[in-house]
Amino acid sequence: MPSPKAKAPARAGGSPVLGGANGRYEFLSLTKPLSRSSPPPPLLLQRQGSDPTTARLRVSESPTRRRGSGSSTGSASGQAPPEEDGLRLNPSFVRVALSSLLAIDLWMSKRLGVCACEDSSWGSVRPLMKLIEISGHGIPWLAGGVYCLYKSDSAAGQEVMLNLLMGLLLDLLLVGIVKASVRRRRPSHNRMDMFATFSVDRYSFPSGHATRAAMCGRFLLAHLVLAAPLRVLVLLWAALVGLSRVMLGRHNVTDVMFGFWMGYCQYNLVEMLWLSPQTLQGLLGYFA
């Protein structure tokens, strides 16, 4: 018995045959378009060259034709294709230079952080570095300045200690403002076990120890009569305080370098705002 699929019946209108499951057939007229709600037929039994109208429909629905029609429509409307967001092919020289300096800074800081932990390459030197760190902390300097001001008998000594205290308070204020503005995180290899930390101490730029060491070192060299060996020790102490910040992993190299420059400029500000005992008494009498 011949198969029913061998001879597919056709209507007079020449509509193609649509075949479905279980041997059932459905007929679709080419003159009537499909409704949007009706699902597409599961299988279309067509032979090449069977109907030119069906071939034209297949060509009109091809992806190449659709892409061409969309591009031609966009060109006809006069709208340029949107530019894709991405990296710039030719960034500015300043941007490249800053990125390179930042990469070098992070690399050097990690290489010099040899005392960041006890198991580091120079972990045995960590207690000595922490002692140098405490020597540059703000609380010992403020407490020592108040004690020396209280114990000083001469007017010149009181004037010097009074302005040193003013410089220390100014240093805390300016460093706190810059840290809160920049908000650069400390190095990832840092171990947070610092002495008497504050809210802004979680930020890294600039190094408050470096600013304090530069400002106090310059202040001592300018207003105290010191012998040559003591002057060398003051300079060596300031340099070791800055070096300890990088070796302990507290700061990056640029944090310390900027801190030294900022402390050097802070001393100039202290000289501009220099207070004498008479000026202080006049200010206290004015506010009283």
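Which backbone oxygen lies 2.7 Å from a polar atom of the side chain of Thr211? The oxygen belongs to Gly208. This is a predicted model, so that distance, like every value here, is computed.

Start with the overall layout. The protein chain has 288 residues, and 31% of them are buried. Its secondary structure comes to 10 helices and 2 strands. The two strands lead from the N terminus, and the helices follow. Take contacts between residues at least 6 apart in sequence: 68% of them join residues at least 24 apart. The chain exposes about 19700 Å². Carbon and sulfur atoms supply 65% of that area.

Return to Thr211. This residue is found in helix H7, which covers residues 208–223. Thr211 has a relative accessible area of 0%, so it counts as buried. Leaving out residues up to four places away in sequence, Thr211 touches Asp171, Val175, Gly259, Met262, Gly263 and Gln266.

One of those partners, Val175, is worth following. Val175 is found in helix H6, residues 155–182. Its relative accessible area is 7%, and therefore Val175 is buried as well. Under the same sequence exclusion, Val175 touches Pro206, Gly208, Thr211, Met262 and Gln266. Met262 and Gln266 thus appear among the contacts of both Thr211 and Val175. Val175 and Pro206 are 31 residues apart along the chain. Their C-alpha atoms are separated by 6.9 Å.

The UniProt record, an unreviewed entry, lists residues 160–182 and 219–240 as "transmembrane region". How much of the span 160–182 is helix in the model? The span is 100% helix and 0% strand, with its end C-alpha atoms 33 Å apart. The span 219–240 is 82% helix and 0% strand. Its end C-alpha atoms lie 17 Å apart.

Now turn to charge. Side chains of opposite charge can pair when their charged atoms come close. The model holds 6 salt bridges. In one of them, the side chains of Asp105 and Arg184 meet at 2.9 Å, N to O. Asp105 lies in helix H3 and Arg184 in the loop between H6 and H7, so this pair ties together parts that are 79 residues apart in sequence. Both Asp105 and Arg184 are buried. Together with Asp255, they are linked in a network of salt bridges.

The loop between H6 and H7 also holds Arg191. The side chain of Arg191 meets that of Glu118 in a salt bridge of 2.3 Å, N to O. Glu118 sits in the loop between H3 and helix H4, so the pair ties together parts 73 residues apart in sequence. Arg191 is partly exposed, with a relative accessible area of 34%.

Glu133 and Arg250 form another bridge, at 2.8 Å, N to O. Glu133 is in helix H4, and Arg250 is in the loop between helix H8 and helix H9. These two residues are 117 residues apart. Are they buried or exposed? Glu133 has 3% relative accessibility, so it counts as buried. Arg250 has 0%, so it is buried too.

Finish on the surface. Phe93, Val94, Leu98, Leu101, Ile104, Trp107, Met108 and Leu112 form a nonpolar patch there. Together they have about 870 Å² of accessible area. Ile104 is found in helix H3, residues 93–112. Its relative accessibility is 44%, so Ile104 counts as partly exposed. Asp105, a member of the buried bridge with Arg184, lies in helix H3 too.

Conventions
Residues numbered from 1 in each chain as written. Predicted model: local features only at pLDDT ≥ 70, side-chain atom pairs only at ≥ 80, totals over all residues. Heavy atoms only, no water. Patch = residues over 30% accessible without salt bridge, like charges linked within 9 Å, V, L, I, M, F, W, Y side chains within 5 Å. Areas by Shrake-Rupley, 256 points an atom, 1.4 Å probe, with all protein chains shown as cover. Salt bridge = Lys/Arg side-chain N within 4 Å of Asp/Glu carboxyl O. Helix = DSSP H or I, 4+ residues; strand = E, 2+ residues; numbered from the N terminus. Buried < 20%, exposed > 50% of the residue type's maximum accessible area, 1.4 Å probe, protein only. Polar contact = N/O pair within 3.5 Å; in protein donor to acceptor, adjacent residues only side chain to side chain. Contact = heavy atoms within 4.5 Å. UniProt positions renumbered as here; feature names shortened; annotations may be inferred.
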